[in-house]
Amino acid sequence: MECNLFEAVACKTAGISRPFYPGIIVERLCGQFPCKCSEKAKAIRILMVGGGSSHDFDKWYKEVDSRTLTQDGLATVTYTSDVSSILPKLPDIDVLFLTNNQPMEDPELRKAIFAFVNAGKGLVLAHAALWYNWKDWPEYNLQLVSGGSKGHDKYGQFEVDVVDVKHPVTKGVNQKFSLKDERYYYKVDAAGPGIKILANSSVQGSADIYPSVFVVNNPKARIVGLALGHDAESHDLPAYQKLIRNAVKWVSHK
């Protein structure tokens, strides 16, 4: 946060009296007075978890999305496809970015993920992580995803319509854009906490509309669901890149 004029003038309390000259930048005054100077915002610490089947996690998440998120110092990204490494890393991160569909069977890890969320930390659930991946862990889909997907259209072109342009996650994203992807059939579980839809997907000739970007109504943490993300058509798209950058900022309260 940059120093303001009041901070500079307040330095007089230390016995220093200097006149104020119009046109002098406050930042320069900070170099003359013992006031609080501007500091860079700390980078958001992200643990991104990939791995599993049907997707090139290393290419699109470890390589491309990590580069998108670390641009301009927004975040630091630690990527792993080793689920056994998640647990010890949780205490030192701000955002858990799950995109994996591989098993997470360790009971202690499952408890730790819920504890992380209940502590108010940020959670981003991307593409494959919105699937019903684990039949023996129904709490994941019920409470964290508030539903999920059990199918998708054949890979192809569809439209995305942003229905809440004022939300921080969709801020600056084109209100309408198209891409080729797997259009997930995400459906809300009525027994879950529910969601707030930020963007929907549609295909010409079909009346079926599914959420593509949404917020889970968790009472303790900020959770964003992003159904897009199969390959380059998503990950290289400016709208997608803006969405994931906005998402990690919002869930981490930055």
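This is a short tour of a sheet and the helices that pack around it. Keep in mind as you go that the model is predicted.

**Stop one: the sheet.** Start by selecting the strands in the order β2-β1-β3-β4-β11-β10-β9-β6-β7, and you will have an open sheet of 9 strands with mixed pairing. Color residues 75-80 and 176-181 to mark β2 and β7, the edge strands, each of which pairs on one side only. Looking across the sheet, you should find a twist that averages 25° from one strand to the next.

**Stop two: a pair of strands.** Next, pick residues 156-162 (β6) and 195-202 (β9), an antiparallel pair joined by 4 bridges. For one of these strands' partnerships, zoom in on V160, whose bridge partner in β9 is S201.

**Stop three: helices on the sheet.** Now show residues 57-70, helix α3, which packs on the sheet and touches β1, β2, β3 and β4. The direction of α3 makes about 170° with that of β2. Then add helix α5, residues 107-118, which touches β3, β4 and β11; its direction makes about 130° with that of β3.

**Stop four: helix against helix.** Keep α3 on screen and bring in α8, residues 238-251: the two axes come within 9 Å and cross at roughly 70°. That makes α3 roughly perpendicular to α8, and their crossing is right-handed. To see the contact itself, show side chains for Y61, D65, T68 and L69 in α3, which meet Y240, Q241, I244, R245 and V248 in α8. Colored by class, this contact has 5 nonpolar, 2 polar and 2 charged residues.

Key
Residues numbered from 1 in each chain as written. Predicted model: local features only at pLDDT ≥ 70, side-chain atom pairs only at ≥ 80, totals over all residues. Heavy atoms only, no water. Pairing = 2+ DSSP bridges. Helix = DSSP H or I, 4+ residues; strand = E, 2+ residues; numbered from the N terminus. Axes fitted to C-alpha atoms, helices over the stretch in contact; angles between N-to-C directions. Contact = heavy atoms within 4.5 Å. Parallel < 35°, antiparallel > 145°, perpendicular 65-115°, else oblique. Left-handed = near helix turned anticlockwise from the far one by under 90°. Nonpolar A, V, L, I, M, F, W, Y, C, P; charged D, E, K, R; others polar.
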